[in-house]
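Student: Please take a close look at one helix in this model, checking its geometry and its burial. Then set it beside other parts of the chain, with the reasoning spelled out.

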Amino acid sequence: MPENPVYPISTYFFPLNQLPSVPMEHKALSERPKPATGQGDDHPAPMVIDGLLTLTEFCHDAGRIPDAPVSKGYFTMSNGCPLEDPLLTERIDKLEGKNRMASQLIQDLNVVDTISHVTRERIPERYVHAKGVGAFGTFEVTNKDFTVSDYTDAKFLNATGKKTRLFARFSTVAGERGYPDTVRDTKGLAFKLYTEEGNLDWAFLNPEIFLIRDPAKFPSLVHATKRDPASNLPDANMFWDYFNNHPEGYNALMRIFSDEGVWKHTLVRIKLVPDPPIDPDNDYFDLCCATTMAGKDPDWLTRRLYDEITSAQKDPKNKYPTWKVMAQLVKDPSMSPVNIFDATKILPEALFPWKEFGKITLTECPQNFFTQVEQAAFNPANVVPGWDISPDPLLQIRLFAYGDTQRYRLGVNNDQLPTNRPCSYVYSPTRRDGAYNMTNYANARNYIRSDDNKNPPDNYNASFLDWSGKLERFKSAVDSTDYQQCYDHYKSMTAKLQKNFVTNVATSLCTAQMTTQDKSIGIFNQINSDLADQIKKALKERIACNKKLAQKSLGVVAGAEQPHELSYVPPTAPDPLTGVVYDIFDKM
């Protein structure tokens, strides 16, 4: 993973067209302060821009939940029935000397109720992007480099200075929910913008390109980046064997294995740039720092984000986490030397410069992680008027996959949960029933008559892309252009990052089978022969050291086997030679 505490992230092309806070009266431990909003306790006065009320005021509390109920000094069952003592149990006892025998009674309603709830508390975690952290903030239109409303009629973009409340979630991709957040992996960043025309979801990645471009490869990609199905251990051979057979992903690997971590229609590519900008030689984790932090504090990036927000709330001299929102405008796709809908490629900045049109600031920590972060559901199919869907096959399949995984994980009515609920007008009365339906449209008619659509809106979702094609069965092929951008990116690195890139690749690849290593070196040779030679030399050195270390202790597995030597146990990851940094917090 890009082992960095900042997130330069990019997405795919999109055509633009309650109660007061009261402390609990009794508690075993001191209660943590409730998260502040960063905007003050009182509701801000409405701000008008060009006669429009800003969305920050229109829906300033989107995603928030009521404060915890006030304790009266006693407890109840879930139905409100008061309890003498919640820790008492009803049972049949028999005392024989010092031995007390007991049989718990099923009529003990409180114990049965609480036990049956705790055994059902867990919901399926996300299959990808399971480890994550969330926060609330705002998107603000800056129009610094161009006026975005010249390219779209989306209302949340129609005035400089206009703010829209949002929820953001940072995540790793392959690791499970409890995985360290500084391990090498792709990183994700998703936003839910609560606009007056509905929720708009952005789903970004770092690196800014994808590992595949053929939707049918999605299941294989996910499986190859997770755990070995036999031993349930990470397996470098699975990882490298997959990408050796689908080398269009090497352009993304060049970034993952560096110390980086993200009316008339116009095609736009969006990315986020940290503000202030990062220093590549000092702001990224190197391999040893990232590995050390994974053991020292597996949640360091999560803790840092919350700490930055709360520090800025306490002292105005401290800065909230902020990103510039940049766009590449593609008015003439024929200018591009590559297929602009190939998710494994970037567009040349010389032809399509990045231009700032907004900024994102995170100002508010979640009140409750499960309710607001774990139950957050993002879907690129959540668009608003003026925001179209591009004919990118990878985006097209994500339109289905993202929504479907949340329907499995959270239920068909997941859009009614606090973080996912729109603040805008919603009327879709044919959507009925299903688990956890909160209102079900009461007694409204559950079908649509031909004369019901009496007042059509001025702005509505519609595709403005004018193209047609023929049905065919297609699988992309790899050619020399798939390697050119790999070397371009390598050349753009600083000398320190180039050196660390070689080490990072060698650390991962050195435990894979020798045949897998040979194939990887062959692909790196097509990228650049000198780079391939450096990796080959580093592999030799690490393999020799790893094998010596593996001879000293059980549980240390060096890997680098020939096919006939293959062991049941996948090798140690990261490789045994990976060092640690003893003064890690001094280096932050």
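**Helix H12 and its context**

Tutor: Helix H12 covers residues 495-509, and at 1.5 Å a residue its 15 residues should span 21 Å; the end C-alpha atoms are 21 Å apart, so the expected and computed spans agree. The expected figure uses one less than the number of residues, multiplied by 1.5 Å. This is a predicted model, and the values below are computed from it.

Burial in H12 comes next. The buried residues include the apolar side chains Leu 497, Phe 501, Val 502, Val 505, Ala 506 and Leu 509. Asn 500, Asn 504, Thr 507 and Ser 508 are also on the list of buried residues.

Helix H8, residues 300-314, serves as a reference. Its 15 residues should span 21 Å at 1.5 Å a residue, and its end C-alpha atoms are 21 Å apart, so H8 also agrees with expectation. The buried residues there are Trp 300, Leu 301, Thr 302, Leu 305, Ile 309 and Ala 312. These pack against three strands of successive number, S6 (132-141), S7 (163-172) and S8 (187-195), and also against helix H7 (287-296) and strand S12 (354-364).

The cysteines can be sorted by sulfur distance. A disulfide is a covalent bond between the sulfur atoms of two cysteines. The count by the distance rule is 1 disulfide, and the bond joins Cys 59 to Cys 423, with an S to S distance of 1.5 Å. Cys 59 has a relative accessibility of 4% and therefore counts as buried. Cys 423, at 27%, counts as partly exposed.

Cys 288 also has a relative accessible area of 27%, so it is partly exposed. The closest cysteine sulfur to that of Cys 288 belongs to Cys 289 and lies 7.1 Å away, which is too far for a bond. Cys 510 is likewise in no disulfide; its nearest cysteine sulfur, in Cys 545, is 9.7 Å away. With a relative accessible area of 1%, Cys 510 is buried.

The surface offers a contrast to these buried positions. Leu 233, Tyr 568 and Val 569 form a nonpolar surface patch, with about 280 Å² of accessible area together. Leu 233 sits in the loop between helix H3 (218-224) and helix H4 (236-245). Its relative accessibility is 34%, so Leu 233 counts as partly exposed. That value passes the patch criterion, because patch residues need over 30% relative accessible area.

Note on methods. Residues are numbered from 1 along each chain as its sequence is written. This is a predicted model: local features need pLDDT of at least 70, side-chain atom pairs count only at pLDDT 80 or more; totals for chains, interfaces and linings use all residues. Side-chain values use heavy atoms; hydrogens and water are left out. Patches are made of residues with over 30% relative accessible area and no salt bridge: like charges are joined within 9 Å, nonpolar side chains (Val, Leu, Ile, Met, Phe, Trp, Tyr) within 5 Å. Accessible areas come from the Shrake-Rupley method with a 1.4 Å probe; for residues, only the protein chains shown count as cover. A salt bridge is a side-chain nitrogen of Lys or Arg within 4 Å of a carboxyl oxygen of Asp or Glu. Helices (H or I, at least four residues) and strands (E, at least two) are DSSP runs, numbered from the N terminus. Buried means under 20% relative accessible area, exposed over 50%, partly exposed in between (1.4 Å probe, protein chains only). A disulfide is a pair of cysteine sulfur atoms within 2.5 Å. Contact means heavy atoms within 4.5 Å.
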